[in-house]
Amino acid sequence: MSINSVLDTDQLPVVVIGAGPVGLAAAAHLVGRGIEPLVLEAGPSAGTAVRDWAHVRLFSPWSELTDPAAEKLLAPAGWTRPDGSAYPTGGDWAEQYLQPLADVLDGKIRYGATVTGVARAGRDRIVDSGRDEQPFTVHIQHADGREERISARAVIDASGTWSTPSPMGADGLPALGERSAADRISYRVPDLGDPAVRARYAGKRTAVIGSGASAFTALARLADLAEDEPGTHAVWILRRGITGSTFGGGEADQLPARGALGLRAKAAVEAGHAGAATGFRTQAVERDGDRLVLVAEDGRRLDPVDEVIVLTGFRPDLSFLSEVRLGLDERLQAPTALAPLIDPNVHSCGTVYPHGVNELSHPEQGIYLAGMKSYGRAPTFLAMTGYEQVRSITAAIAGDREAAERVELTLPETGVCGGAGLFDEPENSEQAGDGCCSAPSSLQIGSGTPATGPGGC
């Protein structure tokens, strides 16, 4: 490769996919190192995905939601950091931090720009010859239908997973009938402050499928609605049993707001506003007049419901990366070296170690998955993790290997016991009730709930 071609490649921008919290932080770090970023955002504004859940309060305080490099850019613009101990909503995060940051980065962000492909210039996935010497080519479709191709020295994909929620089927595929029942199914925590959304669930029977913080939030909100609207009821669909860890870390959670959320959900269901179907792995959804019936793999059929809220996690969209060589774990679809650190099949009660470019690199040099996208299908991602990721990645792009490999973050313990694999173990085994992640196979939640086994780990 000639010296001129090296110089030409170095003059190209680093393309950042996604103008969310981690994508904007990546741009801020690149600017801080004198490298030109080009942020491509499919939506019409900064934090488009965050704005979709503007009504949901985060369980991280402001002190853990802003990036140091971003704050450095914002300071000359007169930006004032919010109270570090306060817990913002998604809307607060977008309006008080993400949008001001995007405004400072004005001219470096293109909105309505959907990335449809990433490749090495002139080289498809198969070709080895001269591959690493070529810049990346990024194909874009604009909101007006126009197509464009951009050259880049490196690519940081921080597009997240919000656009690809997981389906209700326990095998990872949509349940039979799920697509045809789409008019009665939502994959988001409902905004019950919206009159139209409130009317959709008020006085109705709603199934909530999932066992994470989003499911806790939905259950708590539906319980609040039940206090005002008689006839409102939820049925909580769990693929596992009820345990001492079902509601998260509780008071032991080092993220107090998350622990409080789990306790709130517990109080809501114990008040009788919800029933639970445990060990229920959904196989099909059938129409019963204007209502829906969920059918499990073991043949169990639930009483009809009016609505279904599916909160079973998210997964990465890798379709536009098919021509680059990624090294991904076969289970999580996360970078191979990162996967063991975040695998919920293994990490039942512990920490996810801070990580950077070494864990995020791929066989294809110069492309990185960052933020929630880097976690693949694994949960428990924190904004601080993403900020540390892009600090390390941008240092590597700048050639500062010492900074890239230095750890500058201490993460709180997750406060969560158990992972997806453990949760799917048969609940009627001989050891049921002995471990912190075991429970009876069925339980109706309400007044007089039986005590579970030992508490969280």
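Here are some numbered notes on this predicted model, to read with the structure in view.

1. **The overall picture.** Let's start with the whole protein. The predicted chain has 457 residues, and 51% of them count as buried. Its secondary structure consists of 13 helices and 15 strands. The surface that remains exposed comes to about 19700 Å², with carbon and sulfur atoms supplying 49% of that area. Contacts also tell us how the chain folds back on itself: among those between residues at least 6 apart in sequence, 69% join residues at least 24 apart.

2. **One five-stranded sheet.** Now look for strands E3, E2, E1, E7 and E15. In that order, they form an open sheet with parallel pairing. Its edge strands are E3 (109-111) and E15, and each of these pairs on one side only. If you compare neighbouring strands here, they are turned by 15° against each other on average, with direction ignored.

3. **Strand E7 and its two partners.** Which strands does E7 pair with? On one hand, E7 runs parallel to strand E1 (residues 14-17), and four bridges join the two. On the other, three bridges join E7 to strand E15 (residues 367-369), again running parallel. You can find the pairings residue by residue: Ile17 stands opposite Asp157 in E7, Val155 is opposite Ile367 in E15, and Ile156 is opposite Tyr368 in E15.

4. **The faces of E7.** Are the faces of strand E7 (residues 154-157) covered or open? Both are covered. Ala154 and Ile156 point to one side, Val155 and Asp157 to the other, and all four of these residues are buried. Notice that Asp157, the residue facing Ile17 across the pairing with E1, is among the buried ones.

5. **A second five-stranded sheet.** The model has another open sheet of five strands with parallel pairing, this time in the order E8-E14-E9-E10-E11. Strand E8 (185-186) and strand E11 (274-277) each have a single partner strand, so one side of each is left without a neighbour in the sheet.

6. **Strand E14 and its neighbours.** E14 (residues 307-310) runs parallel to E8, to which two bridges join it. Strand E9 (residues 205-209) also pairs with E14 in the parallel sense, over four bridges. To locate these pairings, find Ile185 opposite Val308 in E14, and Ile209 opposite Val310 in E14. Both faces of E14 are covered, with Glu307 and Ile309 on one side, Val308 and Val310 on the other, and all of them buried.

7. **Two helices that pack.** Two packed helices are described by the angle between their axes and the distance between the axes. For helix H2 (residues 21-32) and helix H11 (residues 383-397), the angle is about 35° and the axes are 9 Å apart. H2 passes H11 in a right-handed crossing. On the H2 side, the contact is made by Pro21, Val22, Ala25, Ala26, His29 and Leu30, while H11 contributes Gly386, Tyr387, Val390, Arg391 and Thr394. These contact residues divide into seven nonpolar, three polar and one charged.

8. **Leu24, a residue to zoom in on.** Stay with helix H2 for a moment, and find Leu24 within it. Is Leu24 buried or exposed? It is buried, because its relative accessible area is 0%, while the cut-off for buried is under 20%. Leaving aside neighbours within four places in sequence, Leu24 is in contact with Gly18, Ala19, Ala46, Leu98, Leu101, Ala102, Leu105 and Ile109. Its C-alpha atom is separated by 7.7 Å from that of Val39, which is 15 residues away along the chain.

9. **Thr137, for comparison.** Our last stop is Thr137, which is found in strand E5 (residues 136-142). Why does Thr137 count as buried? The reason is its relative accessibility of 10%, set against a limit of under 20% for buried residues. Not counting residues up to four places away in sequence, Thr137 touches Gly117, Val118, Ala119, Arg120, Ala121, Arg149 and Ile150. Try displaying Thr137 together with these residues to see what surrounds it.

Key:
Residues are numbered from 1 along each chain as its sequence is written. This is a predicted model: local features need pLDDT of at least 70, side-chain atom pairs count only at pLDDT 80 or more; totals for chains, interfaces and linings use all residues. Side-chain values use heavy atoms; hydrogens and water are left out. Buried means under 20% relative accessible area, exposed over 50%, partly exposed in between (1.4 Å probe, protein chains only). Two strands pair if DSSP finds at least two bridges between them. Contact means heavy atoms within 4.5 Å. Accessible areas come from the Shrake-Rupley method with a 1.4 Å probe; for residues, only the protein chains shown count as cover. Axes are lines fitted to C-alpha atoms, for helices over the stretch in contact, and angles run from 0 to 180 degrees between N-to-C directions. A crossing is left-handed if the near helix is turned anticlockwise from the far one by less than a right angle, and right-handed if clockwise. Ala, Val, Leu, Ile, Met, Phe, Trp, Tyr, Cys and Pro count as nonpolar, Asp, Glu, Lys and Arg as charged, and the others, Gly among them, as polar.
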